Amino acid sequence: MARNEGAMLLRFVVEPEKKVSVVYDVDVAVAGAGVSGVFAAIAAARNGADTVLIDRFGTVGGNMGPGLIAGGSLTGWPIKHMLGPGLGGFAGIPKEFIERHAALGGGSIPPYSQNQYLRDSNVASYVSLKMLEESGVKLILSSYVADPILEGKLARGIFVENKSGRQAIRAKVVIDATGEADVARRAGAPIIYPKTSYHETDGHAPTGMGLFFALGGVDWAEYESYKGDQQKPSEEDVGWSKDTLGFVPPGHLLPLVRKAWESGEYRIVQEIDGLGSVRSGELARMHGGDGLAWGRIGPERREEISAGDGLHISKLEAKVRMYIFETAQFWKRNVPGFGNSYLLCVAPFFGARGGPCIEGEYTVTMDDVKAGRRFPDVLFIFDHIRPGGAYVGNWTDFPYRAMLPRKVDGLLAVGRSASCIPDTLLRGRMMVMHMGQAGGTAAALAVKNRVAPRELDVKELQGTLLEAGFYLGDRSRLRELGLG
């Protein structure tokens, strides 16, 4: 055997063929119980489909549940349903969710109340679980989605891995709500991978990963008093910061950061093995929580770091969790107002604002948003906001084709897995709630009509969404679409 052949063989093992138990044979299988997956499963079940929902955690809701919301609010940025009288307000299942969340004391949803991430995330997970239960959705939690079950290029279910080993779920339609198009990628569908250049279009791109954490025991009055008393940092400190750190921390923290750096107590910039560096800034005061602070820390935004790479995630999780603890210790030891603080909690997973997505029958782009483009297969209407709150363009149709992966049948992609450039374009929570309902409804209708999702009559789908309260345009626009 040649030397190179031996080296290649060491890179692979052959998995023995084996029989895998089928635990469910359903109409619709939803991979991922994040924001879009929850609403897709509820919608599929309420439209008559026998539905199962799989997630790696023991609860549901993704970044609005176990992810602790991690910034912003449950409304994300606007879609046209949110604009009030004449446009229907919130629509369908998202509207029901919001009202039930508020009734149980949840905030994060203007105008009901201000957000408090730790409180509201638990309310969100409970309401989601309750609505799934009431809708008859079967749950497989604490289980990882593995490979799709394929017949040629037709998705016919999902393999999962859990305490029982490998199990199979047969399904007539599979919905990929994994966030990184995990099912579609493994099914061989063409994939769009983020590029560093996307950052010029959206400051959160590419990928925008981070880990949310919260501190308790903060004396905000003492901290604000200290902050207000601080003078502008010296030119010497600013120069040191630029030369040593490559950035300038907030002025009132800079002398403390430099002292800790030079003493070896704390490194505000740390390298992650082959994945760039991580750094922190000022912690934020948590609304509605006395003595609570929060932050979100992640790596640099560049295409070499993939939210769809298991080894990348492992390295990031380990390094950033240690970094968060060290950061909490730095604040406790050095920053007035934080002397009695403590690390209260860290989210159980590394969140991402983007990542790999399908190459769909249509790819939604920022140019579409800037132009406010209209599409005959519109499912809802959305806008995009840059970091900092500035609107990018005009109200834009979201087309059904963006959920249909090329070259693979029997599969729909919702949420961040849907087709877009930049990868962070379709990430707003309210947007993916409505996209989830649209995708779940499409899957159920495809099963009912015994057609593949790409063969579904989009007019029937649009009509069903209109009955649910979705906004697809004014009366003139509905007539153009053949719906008025």
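S142 sits in the loop between strands β3 (138–140) and β4 (144–151). Helices (H or I, at least four residues) and strands (E, at least two) are DSSP runs, numbered from the N terminus. The phi of S142 is near 50°, a positive value in a residue other than glycine. That's worth a second look because most residues other than glycine have a negative phi. At 48% relative accessibility, S142 counts as partly exposed. Here, buried means under 20% relative accessible area, exposed means over 50%, and partly exposed is what falls in between (1.4 Å probe, protein chains only).

Before going on, a word about what you're looking at. This is a predicted model: local features need pLDDT of at least 70, side-chain atom pairs count only at pLDDT 80 or more, and totals for chains, interfaces and linings use all residues. Residues are numbered from 1 along each chain as its sequence is written, and side-chain values use heavy atoms, with hydrogens and water left out.

**Other backbone oddities**

R450 also has a positive phi, near 55°, and is a residue other than glycine. You'll find R450 in the loop between α11 and α12 (458–467). Is R450 buried or exposed? R450 is exposed, with a relative accessible area of 79%. Then there's G264, which comes right after helix α8 and has a positive phi near 85°.

Peptide bonds can be unusual too, since most of them are trans. These two are cis:

| Cis peptide bond | Omega | Place of the proline |
|---|---|---|
| A205 to P206 | about -10° | P206: loop between β7 (191–192) and β8 |
| I421 to P422 | near 0° | P422: loop between β19 (420–421) and α11 (429–449) |

**The whole chain**

Now zoom out. The chain has 13 helices and 19 strands. Its C-alpha trace spans about 75 × 70 × 40 Å along the principal axes. With 484 residues, a compact globule would have a radius of gyration near 23 Å, and the chain has 24 Å, which agrees. (The radius is taken over C-alpha atoms, and the globule rule is 2.2 Å times the number of residues to the power 0.38.)

Buried residues make up 57% of the 484 residues. On the outside, the chain exposes about 20,700 Å², and carbon and sulfur atoms supply 49% of that. Accessible areas come from the Shrake-Rupley method with a 1.4 Å probe; for residues, only the protein chains shown count as cover. Among contacts between residues at least 6 apart in sequence, 69% join residues at least 24 apart. Contact means heavy atoms within 4.5 Å.

**A sheet and its helices**

One open sheet has four strands in the order β11-β12-β8-β13, with antiparallel pairing. Two strands pair if DSSP finds at least two bridges between them. Why is one side of β11 (284–285) and of β13 (342–346) left without a neighbour in the sheet? These strands stand at the edges and each has a single partner strand, so one side of each has no neighbour there. Further in, five bridges join β8 (residues 211–216) to β12 (residues 293–297), and the two run antiparallel. F212, for example, stands opposite R296 in β12.

Helix α9 (residues 310–334) lies across β8, β12 and β13, running at about 25° to β8. For that angle, axes are lines fitted to C-alpha atoms (for helices, over the stretch in contact), and angles run from 0 to 180 degrees between N-to-C directions. Helix α8 (residues 254–263) has buried residues too: L254, L256, V257, R258, A260 and W261. They pack against α6 (220–229), α7 (235–244), β9 (269–271) and α9.

**Two buried polar residues**

Q167 belongs to strand β6 (residues 165–176) and is buried, with a relative accessible area of 14%. The Q167 side chain makes a polar contact with the side chain of N162 at 3.0 Å. A polar contact is a pair of N or O atoms within 3.5 Å; within protein, one must be able to donate a hydrogen and the other to accept it, and residues adjacent in sequence count only if both atoms are side-chain atoms. Setting aside neighbours within four places in sequence, Q167 touches several residues, including V20, S21 and V23.

D377 lies in the loop between α10 (366–371) and β16 (378–382), yet D377 is buried, with a relative accessible area of 6%. Which side chain does the side chain of D377 meet in a polar contact? That partner is R401, at 2.7 Å. Beyond the neighbours within four places in sequence, the contacts of D377 include F398, Y400 and V458.
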